[in-house]
Amino acid sequence: MAMLPLTTESDAKRQVSPELAASYKRDLGIGEPFGFLRPWEKLLRGERLGTSAQGITGDELARKLSGSVGVGLMALPLALAWALGFALVRTQWRKGRWAALGDIVPALAFGTPVFIPALLFAPAVVERGHMLPELTAALVTSIWPGIFLGTLVGDSLETELSRDYVRTALGKGLAPSTVLRRHVLPNVLPALLDAVGPVATTLLAGSFAAERVLGLPYFGQLYVLAVLNKQVAVVVVATTTFASLLVVVSLGVEVLRHVVDPRSREARA
């Protein structure tokens with residue numbers, strides 16, 4: 001005789017209650033054409049999305065998103081500063097006995113999650129206020145993208161500097177700074193633009209962990225709490241907003257590439 005499967009405590013925790021399943025169907029429009037737009041319709045009508053205690057309105061979503069965008073705008077110049085500094089230092093390391101550091105530092109940066117440096121800074125900055133948590137979040141989220149950009153730019157710069165056209169330009173008497181500005185940097189720029197998309201994704205994703213650890217009540221913390229509290233409608237809206245931001249960044253990069261890179265215009269001609 002076959003044994004009936006026993007329902008364990010862990011299995012019971014995985015089951016969704018009928019009330020929660022009904023709220024998912026109501027908030028997400030499951031089974032309806034264009035039902036995925038239901039959360040956005042509620043926000044546009046000024047209604048609160050999710051449960052009253054853990055939900056959010058359209059105005060609150062806009063304020064949280066603006067806070068995260070502000071942190072991202074502070075992180076962007078920091079990432080560029082990390083990139084420039086690391087590219088220059090890595091070039092110097094390549095010439096001496098510290099060459100291995102040029103590979104070790106990126107490996108350490110790529111393998112260190114954002115929440116680890118955020119946890120190290122959190123005890124000293126969370127209670128201080130005066131934008132210190134925001135600046136710390138921007139700092140810790142900018143490290144990995146900065147090292148990533150610095151590695152790409154440094155490698156691309158070394159490749160271009162070793163090409164024949166650079167030696168020819170120097171042989172004709174052009175100053176090294178002129179050769180760098182007029183001939184080398186325009187060829188390095190496409191590699192930099194190619195990295196903007198992954199860097200933007202990393203900045204946004206890193207801000208989720210940093211905002212949560214540093215107690216910043218912005219978009220990243222909203223996303224994490226919505227997942228933890230099973231606020232599926234809020235997760236859908238936050239994910240759509242996150243994806244839309246990345247699409248806007250990608251379109252901006254393509255427009256900039258079309259303006260500054262003649263090869264992209266020729267490829268589309």
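This passage describes one helix and the two largest pockets of a predicted model.

In helix α5, which spans residues 101–110, the buried residues are G102, P106 and A109. When the helix is viewed down its axis, these buried residues fall within an arc of 65 degrees, so they line one face of α5. This arrangement can be related to a general property of such helices: an α-helix has 3.6 residues a turn, so residues three or four places apart point the same way. The partners against which the buried residues of α5 pack are two other helices, α4 (58–94) and α7 (132–161).

The largest pocket encloses about 570 Å³ of space, and among the 24 residues of its lining, those closest to the centre are G72, L76, A200, L203 and V249. Four helices, namely α4, α7, α9 (176–214) and α11 (232–260), each contribute at least two residues to this lining, with the largest share, nine residues, coming from α9. Sorted by class, the lining of the largest pocket consists of 19 nonpolar and five polar residues, and charged residues are absent from it.

The second largest pocket has a volume of about 410 Å³ and is lined by 19 residues, of which L84, A87, V153, L157 and L185 lie nearest its centre. Helices α4, α7 and α9 each supply at least two residues of this lining, and α4 gives the most, with seven residues. In the second largest pocket, the lining comprises 14 nonpolar, three polar and two charged residues.

Key
Residues numbered from 1 in each chain as written. Predicted model: local features only at pLDDT ≥ 70, side-chain atom pairs only at ≥ 80, totals over all residues. Heavy atoms only, no water. Buried < 20%, exposed > 50% of the residue type's maximum accessible area, 1.4 Å probe, protein only. Arc of directions from axis to C-beta. Contact = heavy atoms within 4.5 Å. 1 Å grid on protein atoms, 1.4 Å probe; cavity = no way out; pocket = protein on both sides within 12 Å on 5 of 7 lines; lining within 4 Å. Points joined across faces, edges and corners; volume = space filled by probe spheres on them. Nonpolar A, V, L, I, M, F, W, Y, C, P; charged D, E, K, R; others polar.
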